[in-house]
Amino acid sequence: MRGMKGISLVLLLGLGLGLMLEMRMVDAGLNARQCKEERRLGVSACSSIIHGNPTRQCCYRIRVTHVECVCPVITPQLLAFIDIHRLIRIIQGCGRRVPRHFKCGSITTP
């Protein structure tokens, strides 16, 4: 059961980070190592999401993580564990706008 919570956290965070419209984009792009580090930092900062609201550090990670690092890992299997409406509320609570019909991995926002 504990493993499922960890997977849910990764999924929730990954989708949340991928859905943000105003994420900064890098002209040259990021390499695989940099993207992996961004995802690791985000998961570490946002562990509070499973049991409640995001912390200030989690909201910061949501605002600065690159969409190109997160969207490729969003698969239909991961989406089975995520409440998209809760996720949108979390992102908006961190001060980000979630666009309608934004495509990220295997999901399109309502």
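Counting the bonded cysteines along the chain, the disulfides follow the pattern 1-5, 2-3, 4-7, 6-8. That makes four disulfides in the structure, which is a predicted model. Three of these links are worth walking through one by one.

Start with Cys35 and Cys69, which are joined with an S to S distance of 2.1 Å. What does this bond hold together? Cys35 sits in helix α2 (residues 32–45) and Cys69 in helix α4 (residues 67–70), so the bond ties together parts that are 34 residues apart in sequence. Turning about the S-S bond gives -65 degrees, a left-handed link for Cys35 and Cys69. Both ends are tucked away, too: Cys35 is buried, and Cys69 is buried as well.

Next up is the pair Cys59 and Cys94, with sulfur atoms 2.0 Å apart in their disulfide. This link is left-handed too, with -65 degrees about the S-S bond of Cys59 and Cys94. Here a helix is hooked up to a loop: Cys59 belongs to helix α3 (residues 56–64), while Cys94 lies in the loop between α6 (84–93) and β1 (103–104), so the disulfide ties together parts that are 35 residues apart in sequence. Are the two ends buried or exposed? Cys59 has a relative accessible area of 11%, and because buried means under 20%, Cys59 counts as buried. Cys94 comes in at 5% relative accessibility, so Cys94 is buried by that cut-off as well.

The third link to look at runs between Cys71 and Cys104, whose sulfur atoms are 2.0 Å apart. The torsion about the S-S bond of Cys71 and Cys104 is about -115 degrees, so this disulfide is left-handed. Distant parts of the chain meet here: Cys71 is in the loop between α4 and α5 (76–79), Cys104 is in strand β1, and the two are 33 residues apart. As for accessibility, Cys71 has a relative accessible area of 12%, so Cys71 is buried. Cys104 shows 0% relative accessibility, which means that Cys104 is buried too.

Away from the cysteines, Thr65 deserves a quick stop. This residue is found in the loop between α3 and α4. At 0% relative accessibility, Thr65 counts as buried. So what does the side chain of Thr65 reach? Its partner is the backbone oxygen of Arg61, at 2.8 Å.

Finally, there is helix α6, which can be read from its start to what comes after it. At the start of α6, a side-chain oxygen of Asp83 reaches to within 3.1 Å of the backbone nitrogen of His85. Along the helix, the residues Ile84, Leu87, Ile88, Ile90 and Ile91 are buried. Why can these residues be said to share a side of α6? They cover an arc of only 160 degrees around the axis, which puts them on the same side of the helix. Flip to the face of α6 that is turned away from this buried side, and the exposed residues Arg89 and Gly93 appear. After α6 comes Gly95, with a positive phi near 90 degrees. Cys94, met earlier as the partner of Cys59, lies in the loop between α6 and β1.

Key
Residues numbered from 1 in each chain as written. Predicted model: local features only at pLDDT ≥ 70, side-chain atom pairs only at ≥ 80, totals over all residues. Heavy atoms only, no water. Disulfide = S-S within 2.5 Å. Helix = DSSP H or I, 4+ residues; strand = E, 2+ residues; numbered from the N terminus. Buried < 20%, exposed > 50% of the residue type's maximum accessible area, 1.4 Å probe, protein only. Polar contact = N/O pair within 3.5 Å; in protein donor to acceptor, adjacent residues only side chain to side chain. Arc of directions from axis to C-beta.
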